[in-house]
Every structure is written in C-alpha cells, then in structure tokens.
Amino acid sequence: KKRVTMKKKLICTISILVLAAALCSGCSTAPFKITDSFASYYAKNKEEVGSDLKGMASDLAVLSDSEATDPNYQSNDYADLLINDSTNEVLESYHCFDRLYPASITKVMTALLTLEHGNMDDEITLKHDINLTENGAVISTLTKGDTVTVGQVFHTMLIKSANDCAVILAEYVAGSESKFIDMMNAKAKELGATHTHFVNPNGLHDNNHYTTAYDLYLIFKEAVKYDTVDTVSSKDYTMTYTTPKKTQINEYMQSTNYYLLNEFPVPEGVVMYGGKTGTTSMAKSCLILMTKNKKGERFFSVVLGAETKDMLYSSMSQLLEKTAN
C-alpha cells in the first residue's frame with residue numbers, strides 16, 4: 001500500500017487526527033489513534049511520519065509517553081509542565097498527558113476563537129441574562145439589555161475570569177453556545193490537543209470537560225500569537241458598558257493572577273508576561289503562564305490540581321526558578 005501524500009494546506013484546515021490518519025496505511029509506523037497524544041505520536045515516529053506533520057511539529061516541544069513523568073521530579077499537584085519555547089525543550093514534565101479538569105483555563109480557547117472570528121470594536125446588546133448554576137461562579141455585572149463592546153467583554157473574561165462573559169462571547173462568535181463548543185473542540189483537534197474535550201466556554205465543572213497539561217500548552221501557545229491576548233498581563237481593568245436606560249456603568253476588577261498583583265513574588269531573573277488561572281472544587285487550583293528570562297528565552301509553564309493557592313504558586317515558582325538563567 002502506498003503512503004498517502006498530504007498537501008501543506010491541510011495543516012491549517014484539517015484536524016491533526018485527520019492528518020495523522022492519512023499518514024500511512026499498512027506502513028511501518030503505528031497508525032495515529034484518538035487515544036494518542038500528538039506529542040507522543042510524533043516522538044515515536046518522527047523519522048517516518050509525513051513531511052507535513054514534521055513541519056507542524058517543528059515549532060513544538062514533543063515528548064513520548066515514557067517521558068510524560070520525570071522520575072526525578074516530585075510534585076504534590078496533579079500535573080506540571082515546563083517548556084522552553086525558544087528551544088522547544090521540555091524542562092519538566094509530571095503527568096502531562098493525564099486527563100484533568102482545566103477550570104477557567106478553558107477561557108484561553110474561548111479567547112483564541114474570539115480573536116480569530118471576532119472584532120473587538122463590535123457592540124453586543126445582551127438579549128438575555130446569563131444564568132449559571134455553579135455555586136460561587138464569578139460573573140460580571142452585565143444583565144439583559146446592556147450594551148458593551150466585544151473588547152470589554154473579552155478583557156473581563158480573562159482578567160476577572162467572569163464566566164458569564166465567556167458565554168456572551170460564545171454566542172457572539174457562533175450564534176449559540178452549543179455551536180461555539182463545537183468550534184472549541186474542532187480547534188483543539190486542529191492544534192493537536194487530542195486529549196481535550198470541551199462542553200462549555202468557561203470551564204465550570206462537568207465530568208466530560210477535560211484536557212491535559214500538554215494540550216493546554218498547545219492552546220495557549222497558539223493564543224499568544226495574537227497581540228490582543230496581552231490582556232493576560234494586565235493586573236486590573238475597568239469595563240465600561242451602557243444600560244438600557246443609557247446609563248454608563250464602570251466595573252473595576254483585578255486580575256486573578258497573584259503574581260501580577262504582587263501577592264506572590266516572581267522569582268529573580270524571571271520576566272512575567274502573564275497567563276490564566278483556574279479554580280473549581282474538582283479542578284482545584286490551576287495556572288498556565290508565559291514568561292521570559294533575561295536572555296529573552298520564552299517559557300510556558302503549567303500547574304494543574306494544586307490543593308491550595310499557596311501550593312499552586314509555590315509549585316509554579318519552583319518551575320520558574322529553573323528558567324532564570
């Protein structure tokens with residue numbers, strides 16, 4: 001049987017599952033399965049895989065299943081990951097392919113799709129209240145009839161981590177939350193995030209809403225290609241919107257990232273760019289960051305499932321200290 005030759009344009013338009021399935025039929029490499037991670041598949045078969053998949057992987061850090069947990073690295077978290085994005089080197093990995101709950105780090109995917117398909121200057125008039133059932137879910141002060149720009153909602157979603165704002169953006173981009181969720185899952189597969197499944201745009205808990213530390217790296221890496229995602233480096237923000245009675249409302253908020261608020265010290269030699277937090281009772285405390293060192297090298301770091309905020313930032317600082325050269 002002949003190896004199927006793939007066209008380069010498929011990389012941008014077809015999911016990684018379709019790409020990998022087309023790589024070979026009956027050839028020496030193992031066929032790509034939905035249970036495989038992109039990183040693991042590529043690491044095992046990088047000499048044999050098609051040239052297009054090599055091109056896709058050339059800008060990524062990859063590792064095999066056996067490398068998913070460094071036996072010399074100890075952690076109390078569910079999963080940790082540290083990647084030098086300048087060299088595509090995995091510096092630390094702890095259960096990076098394990099299926100876990102992302103909580104509000106989910107909003108990075110919602111932000112990415114908004115950046116791809118939306119216009120920050122567009123105005124939205126809320127057609128209905130956003131009703132969320134999870135106890136203690138963070139929301140904005142927006143209600144039915146209020147008019148606000150996409151950019152204002154976008155910033156509030158990422159800085160305050162307002163769950164209603166994620167739903168507002170989902171409906172704006174796709175027309176409905178359900179259609180947006182389909183877009184989220186399609187985008188995840190396109191990026192190679194093959195262990196990810198979304199059921200909402202905000203990360204409120206659902207047993208079928210999951211991802212991995214490595215998949216979050218893939219998604220966040222794509223999102224920071226856009227200048228507008230500098231939002232995640234902002235320590236505070238004021239959202240301005242207009243009520244149906246034409247009253248202007250200003251809602252002030254602070255970042256949920258304690259590094260930006262100086263509540264936890266950034267390790268010496270580390271330049272903090274920013275990232276996204278996530279917290280639910282099931283996901284526990286989670287954080288993804290992009291940082292740089294004094295040499296200008298860029299790093300992505302992920303901590304999932306820390307028992308407390310203190311433990312979260314302690315674990316993350318231990319990772320960041322490894323980058324400060």
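Select Leu304 and, setting aside neighbours within four places in sequence, display its contacts (heavy atoms within 4.5 Å), which are Asp77, Tyr78, Ala79, Asp80, Leu100, Ile105, Thr212, Ala213, Leu216, Ser285 and Cys286. The model is a predicted one, in which local features need pLDDT of at least 70 and side-chain atom pairs count only at pLDDT 80 or more, while totals for chains, interfaces and linings use all residues. Residues are numbered from 1 along each chain as its sequence is written, and side-chain values use heavy atoms, with hydrogens and water left out.

Next, add Leu81, Cys96, Met109, Leu142, Tyr214 and Tyr217, which, together with Leu304, touch the most other members of the largest nonpolar core, a set of 69 residues. Such a core joins buried Ala, Val, Leu, Ile, Met, Phe, Trp, Tyr and Cys residues through side-chain atoms within 4.5 Å, buried being under 20% relative accessible area with a 1.4 Å probe and protein chains only. Apart from this core lies another, of 18 residues, including Tyr94, Leu260, Val270 and Leu312.

Now turn to the largest cavity (points on a 1 Å grid over the protein atoms alone where a 1.4 Å probe fits but cannot get out, lining residues having an atom within 4 Å of a point). To see its lining, select Leu158, Ile159, Thr231, Val232, Ser234, Ser255, Thr256, Asn257, Leu260, Gly275, Lys276 and Thr277. The space in this cavity is about 50 Å³, counted as that filled by probe spheres set on the points, which are joined across faces, edges and corners.

Finally, select Tyr101, Pro102, Ala103, Gly203, Leu204, His205, Asp206, His209, Thr280 and Ala283, which line the second largest cavity, with about 40 Å³ of space.

Note on methods:
Buried < 20%, exposed > 50% of the residue type's maximum accessible area, 1.4 Å probe, protein only. 1 Å grid on protein atoms, 1.4 Å probe; cavity = no way out; pocket = protein on both sides within 12 Å on 5 of 7 lines; lining within 4 Å.
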